[in-house]
Structures are given as C-alpha cells and as structure tokens.
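Okay, thanks everyone, I'll keep this short. Let me put the structure up and then walk through a few contacts.

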Amino acid sequence: MNWVMVNLWVKGAFERRRYMNLVVQRARHPQLRDYIHSAVFGLLPFIQKGMVERAAVIFFNTDGIPVERFVFKLAVNLSYGSKVEEADLEFSLRSFLIKLSVSESLTKVLPRNYRWEITAYFRSLPEASANKDVEQWIPTDTRQWEQPPLLTPIKSMSSEPLCVQLYIEHPSLSEPKPQNGEV
C-alpha cells in the first residue's frame, strides 16, 4: 500500500545549510520546511515498528507521470528496542548524507511546473483508528512505469538497528514517452 504527501516543485525552494557539520539542502519557506518535517516525523513511528519497506520522493511531469524517484529502502532490526547508540547512528547517517549531497549529477534538471510527493510503501497497513499519525497520510495509486525502471545505486548504510539503501529510479529507455513530448 502506498501512502502519500504531495507538494509542488519550485526552483529555489531550497538553500544550502549546515547539518551534522555537513552542507545539506534545507527548505527556505517555513511551511515547506514544516511539511517535510511532518512527513518524515510522521513516518517515524511506522519505521520504528518495521512497517515501512520504502520511502520515496517522486517527481512528476505535468501529465502526472513519474520522471524520477529517490527511493530509501529501509530495514529495521526490532530486537534492539531503545538500546541504540546515537553516536554510532549519527556517524553512519553523516556518511550517508555526504554521498547524497554528491549524487546531484545523477539527477535530471526538472522544469518548474513539475510536482513531487513523498510516498511510503508499507509492509503492512497501519490502522487509522489506532494511531493519529496515519491521518496525515492518504492512500494513493501513484502511476507506475510500464517497464522496469533503470536503477542507479547511491549509498547503502548498515548501522544496527537501521539499514538503508538509497537509489534513484528513472524510466526505462523503452518506456513509452508522454504524448506532449515532456520528459
């Protein structure tokens, strides 16, 4: 089951900032920053329970067809409970963010009128009545490509209890093109 939060892509919406002694991109507008924060922290209880298989940031053209996906494949070792060393996890996340920041050359330059959404792919469905965090996520039937996508691996991280793989998906070269010629 896919759950989604949607937003529009606006050039210049992000600026370079320091986080964990690294340069990262941060949303300029407070409402966009709040949206991203609520999406990430809204997924946290489900990630901690091992319910989320993947989270993706998907970019769409004006026809609603995906043109690029940043996919975070997640595995959580639930036997750790709360016995996680924050320093160890921070070290691994830091190296992950370094690799993410240099992956820009692998992405497409997207037109201003494209939109993006944060989508979570759940292993099991969360119950709306059991958790208020479910209310901010809506089920979706995001359009898929007809052919298997081209995958570009970016980074893998394994720091118990969390393992993350990041890769970019692009449409296959044999994927039918949109009628209006947009990429």
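**Rings, a hairpin and a surface patch**

Let's start with Arg 54: its charged end sits over the ring of Tyr 121, 4.0 Å from the ring centre. And yes, before anyone asks, this is a predicted model. There's another contact of this kind to look at, where the ring belongs to Phe 60 and the charged end sitting over it comes from Arg 115, at 4.2 Å from the centre.

Now, rings with rings. How many aromatic pairs does the structure hold? Three. I'll show you two of them, starting with Tyr 35 and Trp 116, which meet edge-to-face, with 5.5 Å centre to centre and 70 degrees between the planes. What I like here is that this pair links distant parts of the chain: Tyr 35 is in helix α1, residues 30-48, while Trp 116 is in strand β6, residues 115-122, and the two are 81 residues apart. So are these two buried or exposed? Both Tyr 35 and Trp 116 are buried.

The other pair on my list is Phe 46 with Phe 122. That one is edge-to-face too, at 5.5 Å centre to centre and with 75 degrees between the planes. Since Phe 46 lies in helix α1 and Phe 122 in strand β6, the pair ties together parts of the chain that are 76 residues apart in sequence. As for burial, the cut-off is under 20% relative accessible area. Phe 46 comes in at 2%, so it counts as buried, and Phe 122, at 7%, counts as buried as well.

Stay on helix α1 for a moment, because Val 40 has its place there and is partly exposed, with a relative accessible area of 48%. Which residues join Val 40 in a nonpolar patch on the surface? Phe 41 and Leu 44, and together the three have about 260 Å² of accessible area.

Last stop, the hairpin. Strand β2 covers residues 14-19 and strand β3 covers residues 22-27, and they pair in the antiparallel sense over six bridges. If you want one bridge to click on, take Arg 18, whose partner in β3 is Val 23. Two residues sit between β2 and β3 in this hairpin, and Met 20, in the turn, has a positive phi of about 50 degrees.

That's my tour, happy to rotate the view for anyone.

Note on methods. Residues are numbered from 1 along each chain as its sequence is written. This is a predicted model: local features need pLDDT of at least 70, side-chain atom pairs count only at pLDDT 80 or more; totals for chains, interfaces and linings use all residues. Side-chain values use heavy atoms; hydrogens and water are left out. Two strands pair if DSSP finds at least two bridges between them. Helices (H or I, at least four residues) and strands (E, at least two) are DSSP runs, numbered from the N terminus. Rings of Phe, Tyr and Trp (its six-membered ring) pair if their centres lie within 6.5 Å; planes under 30 degrees apart count as stacked, over 60 as edge-to-face and the rest as tilted. Buried means under 20% relative accessible area, exposed over 50%, partly exposed in between (1.4 Å probe, protein chains only). A charge sits over a ring if NZ of Lys or CZ of Arg is within 6 Å of the ring centre and within 35 degrees of the ring normal. Patches are made of residues with over 30% relative accessible area and no salt bridge: like charges are joined within 9 Å, nonpolar side chains (Val, Leu, Ile, Met, Phe, Trp, Tyr) within 5 Å. Accessible areas come from the Shrake-Rupley method with a 1.4 Å probe; for residues, only the protein chains shown count as cover. A salt bridge is a side-chain nitrogen of Lys or Arg within 4 Å of a carboxyl oxygen of Asp or Glu.
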